[in-house]
Amino acid sequence: DEGMVAVLLQANPDANRREMEMIRSSIVAMRDEENRLREQRRQKYDASVRRTGELFAAGIVSQFVLLLLLCVVFLRDASYRARAARQIEATNASRAAILATTGNGIYQLDREGRLVYLNPAGERLLGYEQNEIRGRNMHDLIHSRTPQGESRPAETCPLQAVLRNWVP
């Protein structure tokens, strides 16, 4: 039967032409659909490329803004630190001048009662230079005896009580 249809198609030129027209129109429709799909894909691709470019540009801009913000914070912090350092230096210079020129003996102890600082008047009063006794326990140096010359244990020493309780 198939062979007969084929023979009839060849024998009947009008049927052949109609068949060819159907085939041509199907091919044209397929090409049109393929072109339409290709155009859709190209538009999606272009949109994707554009979106990627926009995201990349936004990333670069945001990194630049963050870097700029970091620089501003760093510069503000650096200027604050420099100003604070100058103030500390001025305060220390003033304190050192006051401590060096006062006639009263002044010393500074750490929490364990060891000497950290002794001014020149204190050196004269105690009879020691600061570098000789720095780090030594002041109770052992000057508070180990009462004014009457009796031995005073550290537990009853008023200086040690101040260091323990932080109450003068």
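In the predicted model, the buried residues of helix H6 are covered by elements that include strand E1 (107-109) and helix H5. The buried positions of H6 are Leu159, Gln160 and Leu163. Viewed down the axis of H6, these buried residues fall within an arc of 95°, so they line one face of the helix. Trp166 follows H6 and has a positive phi, near 60°.

The loop between helix H5 (138-143) and helix H6 (158-165) contains Arg152. Arg152 is buried but takes part in no salt bridge. The nearest side chain of opposite charge belongs to Glu150 and lies 8.6 Å away, whereas the cut-off for a salt bridge is 4 Å between a side-chain nitrogen and a carboxyl oxygen. When residues up to four places away in sequence are not counted, Arg152 touches His139, His143, Ser144, Arg145, Thr146, Pro147, Cys157 and Pro158. Of these partners, His139 and His143 fall within the range of H5, residues 138-143, and Pro158 is the residue at which H6 (158-165) begins.

Strand E2 spans residues 115-118 and includes Tyr117. Tyr117 has a relative accessibility of 18% and therefore counts as buried, the limit for that class being under 20%. Outside its neighbours within four places in sequence, Tyr117 is in contact with Leu99, Ile106, Tyr107, Gln108 and Gln130. Two of these partners, Tyr107 and Gln108, belong to strand E1 (107-109). Leu99 lies within the range of helix H2, residues 13-101. Between Tyr117 and Asn131, which are 14 residues apart along the chain, the C-alpha separation is 9.2 Å.

A search of the whole structure returns eight salt bridges. One of them joins Glu34 and Arg38, with the closest N and O atoms 2.8 Å apart. Because Glu34 and Arg38 are four residues apart in helix H2 (residues 13-101), about one helical turn separates them. Both ends of this pair are partly exposed, Glu34 with a relative accessible area of 46% and Arg38 with one of 45%.

Helix H2 also holds Glu39 and Arg42, which are three residues apart, about one turn of the helix. Their side chains meet in a salt bridge with an N to O distance of 2.4 Å. Glu39 is partly exposed, at a relative accessible area of 33%, and Arg42 falls in the partly exposed class at 41% relative accessibility. A network of salt bridges links Glu39, Arg42 and Asp46.

A further salt bridge is formed by Glu112 and Arg114, whose closest N and O atoms are 3.1 Å apart. Glu112 is partly exposed, with a relative accessible area of 45%. Arg114 is likewise partly exposed, with a relative accessible area of 35%.

Taken as a whole, the secondary structure of the protein consists of six helices and two strands. Along the sequence these elements follow the pattern α-α-β-β-α-α-α-α. The protein has 168 residues, of which 14% count as buried. Among contacts between residues at least 6 apart in sequence, 16% join residues at least 24 apart. The exposed area of the protein is about 13,600 Å², and carbon and sulfur atoms supply 59% of that area.

The mean pLDDT of the protein is 86, and 90% of the residues score at least 70. Confidence is highest in strand E2, at 92, the strand in which Tyr117 is found. Confidence is lowest in helix H1 (residues 2-11), at a mean of 61. Where pLDDT is low, predicted coordinates should not be read in detail.

How values were computed
Residues are numbered from 1 along each chain as its sequence is written. This is a predicted model: local features need pLDDT of at least 70, side-chain atom pairs count only at pLDDT 80 or more; totals for chains, interfaces and linings use all residues. Side-chain values use heavy atoms; hydrogens and water are left out. Buried means under 20% relative accessible area, exposed over 50%, partly exposed in between (1.4 Å probe, protein chains only). Contact means heavy atoms within 4.5 Å. Accessible areas come from the Shrake-Rupley method with a 1.4 Å probe; for residues, only the protein chains shown count as cover. Lys and Arg count as positive and Asp and Glu as negative; His and the chain ends are not counted. pLDDT is the predictor's confidence in each residue, from 0 to 100. The arc is that of the directions from the helix axis to the C-beta atoms.
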